Amino acid sequence: MTDKNPKEFSLAGSGASPGIAIGKAYVADHTDFDSVEQVVLPMSEVHAEVARFKEAVKRSEKDLGRLIKRSPKELGQQVQILEAHKALLRDKMFYGRTIETIRRGRVNAEWALKNTVDRLRSVFRKIEDAYIRDRGDDVVYVYKQVMKNLLGKSVENGVEKVGKRMILVAHDVSPAEASQLQHEYIQAFVTDRGGRTSHTSIIARALQMPSVAGLENATKKIRTGDLIIVDGTAGLVIVHPEEETLFRYNAAREQFEAAQALLARDSRFPAQTPDGFLVQVNANIELLEEVVAVMDRGGDGVGLYRTEFLYLNRKNLPAEQELYENYKEVVELLAPRPVTIRTLDINGDKVAEGIFSEEGDNPALGLRAIRFCLTQPALFRVQMKAILRASAHGYVRILFPMISTLEELLRAKELLEEAAQELRQAGEAFKPDLEVGVMIEVPSAALICDILADHVDFFSIGTNDLIQYTMAADRTNRHVAYLFNAMNPSVLRLLDRVAAVAREKNVRLAMCGEMAGDPRHVPVLLGMGFSELSMNSASIPAVKNLIRLLPKAECEAVLPSILSASDAETAADLVQEAFGKYLEAGKGPQPAAGEPVTAS
Ligand code: PEP
Ligand code: MG
């Protein structure tokens with residue numbers, strides 16, 4: 001029985017992408033479970049339907065087998081659970097009964113399976129022993145596993161089934177799935193898992209789709225059809241809002257949109273501090289389609305083109321021509337502005353199906369980004385040839401991710417030279433003096449940046465990974481999100497060192513991690529002398545606006561005290577004390593996550 005006047009309640013998580021959305025929820029996991037329809041089949045199709053079910057079970061067995069193999073030995077209990085799930089797949093009550101239902105009732109496998117599971121669950125529910133009763137959950141888990149294989153993997157989240165302009169509520173959305181979400185169908189999404197700097201959240205910001213991550217149990221507390229408010233700025237989800245709350249949030253939404261429009265008005269002008277320091281404010285993009293937003297928001301160029309997405313959501317590798325055409329279009333649309341194309345960064349939290357990847361228990365510490373590309377010179381050369389060819393059409397720079405030693409950088413440059421040589425021989429046009437940059441996102445690279453400096457034109461600091469690896473805190477794990485703070489003294493010291501080396505060695509200093517787009521960090525970065533900041537395009541207007549108010553000399557003067565703070569909170573307080581008036585005056589539409597704009 002559903003309650004006609006359900007009570008308002010709110011769930012708190014991390015503000016993954018700012019903005020406010022109000023609409024009906026679509027709970028991906030639950031709906032997959034509840035919305036199975038019965039289809040009566042002609043006798044001639046029953047045999048094939050049984051075979052389809054058997055095939056799905058076989059695939060589920062394989063999936064579980066793989067998970068068991070990958071489980072560390074120390075997690076013996078987890079292995080036992082997975083083994084039990086595997087055994088359940090072939091249990092007479094599960095397997096035998098479903099096949100019998102398909103045959104006897106001449107029904108589709110999905111419906112027969114649901115029927116079996118419903119019965120089993122009601123049996124479990126009646127059991128008094130709590131431990132055994134809870135095994136009912138295992139049945140549901142196995143059910144979902146088989147269902148996934150019956151329906152095909154792509155519907156894991158049921159994302160494509162979302163109705164018009166609903167709000168997607170899912171346990172998790174992968175970066176690949178997020179990149180396929182369209183405003184036309186959904187206006188916001190919220191997840192149980194994830195954190196602010198996970199790639200999924202970065203994509204939500206790029207799509208300018210309000211989003212809240214790390215809600216823990218949103219898929220359990222929210223039901224499809226519930227009216228919800230997503231406050232991506234404060235990291236809140238309000239379920240069954242009362243009239244007064246709705247009124248308040250409607251007003252806040254309008255305010256947010258008006259503030260954005262106001263800031264956007266001036267954003268096409270350069271960002272220069274009152275004492276004449278010019279900062280290039282660039283955009284991070286993941287897809288060609290985002291170029292329009294870059295121009296709309298007044299981006300001075302692209303400081304980071306994450307090129308992974310042409311490799312995701314597909315079974316084959318993109319050819320040189322396809323990559324070239326994509327890069328060329330971005331470069332031509334933005335010319336004469338610079339476009340910084342980063343070479344492939346996969347196997348961290350972005351995994352491309354069908355491409356070799358070493359399965360390790362710690363993908364972020366494994367064969368990711370440049371490490372992977374150096375083991376695949378043919379694949380790497382294809383991408384670099386495409387980047388080089390695109391350079392003939394505008395201003396292109398190349399950027400290598402995850403460099404942690406000089407040898408990696410030199411090998412990457414060697415392969416770049418080989419790619420250039422091949423193009424020369426083929427008579428293809430490209431710019432011979434392409435600027436080469438290195439991402440400083442691994443502490444080892446920050447520590448040897450003086451050595452790397454002699455071989456590159458620019459540094460681009462990736463704080464998302466630099467924080468992750470410095471603090472040993474998984475960027476996608478909500479439980480360690482408290483460590484994920486750019487103002488940690490350890491992080492600030494690394495940044496300051498890289499900035500000093502860049503000045504001394506005359507290497508251009510850029511930042512493309514999320515830190516660059518947060519107004520609270522801009523005074524620190526100006527003090528260190530960053531001349532390029534790259535961020536999601538939605539943040540550009542507010543950051544440009546703030547730079548125009550901040551005298552660089554003041555930022556330089558306060559920096560030493562910030563650097564000598566013994567913890568992140570003290571450092572943040574010092575910024576607030578010294579620059580609060582500028583931050584207030586320049587306030588854009590993106591208050592920091594966790595600071596509610598409207599929530600009481
Ligand atoms: C970073 O690590 O800060 C960065 C910009 O790269 P990505 O977020 O794609 O890992
Ligand atoms: Mg990175």
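**Figure 1. Elements around ligand 1 in this predicted model.** The shell around ligand 1 draws at least two residues from each of α9 (199–206), β11 (302–306) and α19 (463–471); helices (H or I, at least four residues) and strands (E, at least two) are DSSP runs, numbered from the N terminus. With 3 residues, α19 gives the largest share. Residues are numbered from 1 along each chain as written, and ligands are numbered from 1 in the order written. In this predicted model, local features need pLDDT of at least 70, side-chain atom pairs need 80 or more, and totals for linings use all residues, while side-chain values use heavy atoms, without hydrogens and water.

**Figure 2. Polar contacts of ligand 1 (pairs of N or O atoms within 3.5 Å).** Here R342 places a polar side-chain atom 2.9 Å from a ligand oxygen. Backbone atoms join in too: a polar one of T463 is 3.1 Å from an oxygen of ligand 1, and an N or O atom of G462 is 3.4 Å from one. The protein covers 100% of the 290 Å² of accessible area (Shrake-Rupley method, 1.4 Å probe) that ligand 1 has on its own.

**Figure 3. The second largest cavity, where ligand 1 sits.** A cavity is a set of points, on a 1 Å grid over the protein atoms alone, where a 1.4 Å probe fits but cannot get out; lining residues have an atom within 4 Å of a point. Sitting there takes more than half of a molecule's atoms within 2 Å of the grid points. The volume is about 70 Å³. Among the 14 lining residues, R306, R342, E441, N464 and D465 are closest to the centre.

Methods: A polar contact is a pair of N or O atoms within 3.5 Å; within protein, one must be able to donate a hydrogen and the other to accept it, and residues adjacent in sequence count only if both atoms are side-chain atoms. On a 1 Å grid over the protein atoms alone, a cavity is a set of points where a 1.4 Å probe fits but cannot get out, and a pocket is an open set with protein on both sides within 12 Å along at least five of seven lines; lining residues have an atom within 4 Å of a point. Grid points are joined across faces, edges and corners, and a volume is the space filled by probe spheres set on the points.
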